[in-house]
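Me: I am new to this structure and would like to go through it step by step. Could you take my questions in turn and show the reasoning behind each reply?

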Amino acid sequence: TTWQSRMGLLKNVKIFQSHGNHDELLSFAHAKDLNELMVSEGLQVEFVPFQGGHEIPPIVIERAKAFFEDACEL
């Protein structure tokens, strides 16, 4: 797939991914498949699933903040 052929470009990039399990616009199954593909390709992914839809809840904001603070320390 196009995604898989480009995974190598992200080998040294830390990735933050979040997704609501009731998202009506982008299915949770597709997000999970993408996550599994990235992990299987050896990418460093922090996946934050949450109860909700197509939104950004406080738990995602908190986890993203910590993720980016850690990334900036490098």
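Reply: A word on terms comes first: helices are DSSP runs of H or I with at least four residues, strands are runs of E with at least two, and both are numbered from the N terminus. With that in hand, valine 60 can be placed in helix α3. Please keep in mind throughout that this is a predicted model.

Me: In what pattern do the helices and strands follow one another along the sequence?
Reply: The protein has three helices and two strands. Read from the start of the sequence to its end, these elements follow the pattern α-β-α-β-α.

Me: How much of the protein counts as buried?
Reply: The C-alpha trace spans about 35 × 30 × 15 Å along its principal axes. A residue is called buried when its relative accessible area is under 20%. Of the 74 residues of the protein, the share that counts as buried is 27%.

Me: Do β1 and β2 run parallel or antiparallel, and what is the handedness of the crossover between them?
Reply: Seven bridges join β1 to β2, and the two strands run parallel. Within this pairing, lysine 14 stands opposite glutamine 44 of β2. On its way from β1 to β2 the chain passes through helix α2, residues 28–40, and this β-α-β crossover is right-handed.

Me: Which residue in β2 is the bridge partner of histidine 19?
Reply: Histidine 19 belongs to strand β1, and it is in contact with several residues beyond its neighbours within four places in sequence, among them Phe47, Val48, Pro49 and Phe50. Contact alone does not name the bridge partner, but the pairing with β2 does, and the partner is proline 49.

Me: Is histidine 19 buried or exposed, and what lies 2.7 Å from a polar atom of its side chain?
Reply: The relative accessible area of histidine 19 is 11%, so this residue counts as buried, the cut-off being under 20%. At 2.7 Å from a polar atom of its side chain lies the backbone oxygen of leucine 26.

Me: Which side chain joins that of glutamine 17 in a polar contact?
Reply: Glutamine 17 lies in strand β1 and is buried, with a relative accessible area of 10%. Leaving out residues up to four places away in sequence, glutamine 17 touches residues that include Ala31, Leu34, Asn35 and Met38. The polar contact of 3.1 Å is made with the side chain of asparagine 35.

Me: Why do the buried residues of α2 line one face of the helix, and what covers them?
Reply: The buried residues of α2 are Ala31, Asn35, Leu37 and Met38. Seen down the axis of α2, these buried residues fall within an arc of 160 degrees, so they line one face of the helix. What covers them includes α1 (2–5), β1 and β2.

Me: Which residue just after α2 takes a positive phi?
Reply: Helix α2 itself agrees with the expected length, because its 13 residues should span 18 Å at 1.5 Å a residue and its end C-alpha atoms are 18 Å apart. Just after this helix, a positive phi of about 85 degrees is taken by glycine 42.

Me: Against which strands do the buried residues of α3 pack?
Reply: The 15 residues of α3, residues 58–72, should span 21 Å at 1.5 Å a residue, which agrees with the 21 Å between its end C-alpha atoms. The buried residues of this helix are Val60, Ala64 and Phe67, and they fall within an arc of 60 degrees seen down the axis of α3, so they line one face. The strands they pack against are β1 (14–20) and β2 (44–50).

Me: Which exposed residues does α3 carry on the face turned away from its buried side?
Reply: Isoleucine 59 is found in α3, but at 40% relative accessibility it counts as partly exposed. The exposed residues on the face turned away from the buried side are Pro58, Ile61, Glu62, Lys65 and Cys72.

Me: What does valine 60 contact beyond its neighbours within four places in sequence?
Reply: Valine 60 is buried, with a relative accessible area of 4%. Leaving those neighbours aside, the residues in contact with valine 60 are Phe16, Ser18, Val48 and Phe50.

Conventions. Residues numbered from 1 in each chain as written. Predicted model: local features only at pLDDT ≥ 70, side-chain atom pairs only at ≥ 80, totals over all residues. Heavy atoms only, no water. Expected span 1.5 Å × (residues − 1). Buried < 20%, exposed > 50% of the residue type's maximum accessible area, 1.4 Å probe, protein only. Arc of directions from axis to C-beta. Contact = heavy atoms within 4.5 Å. Pairing = 2+ DSSP bridges. Right-handed = clockwise from strand over helix to strand, strands pointing away. Polar contact = N/O pair within 3.5 Å; in protein donor to acceptor, adjacent residues only side chain to side chain.
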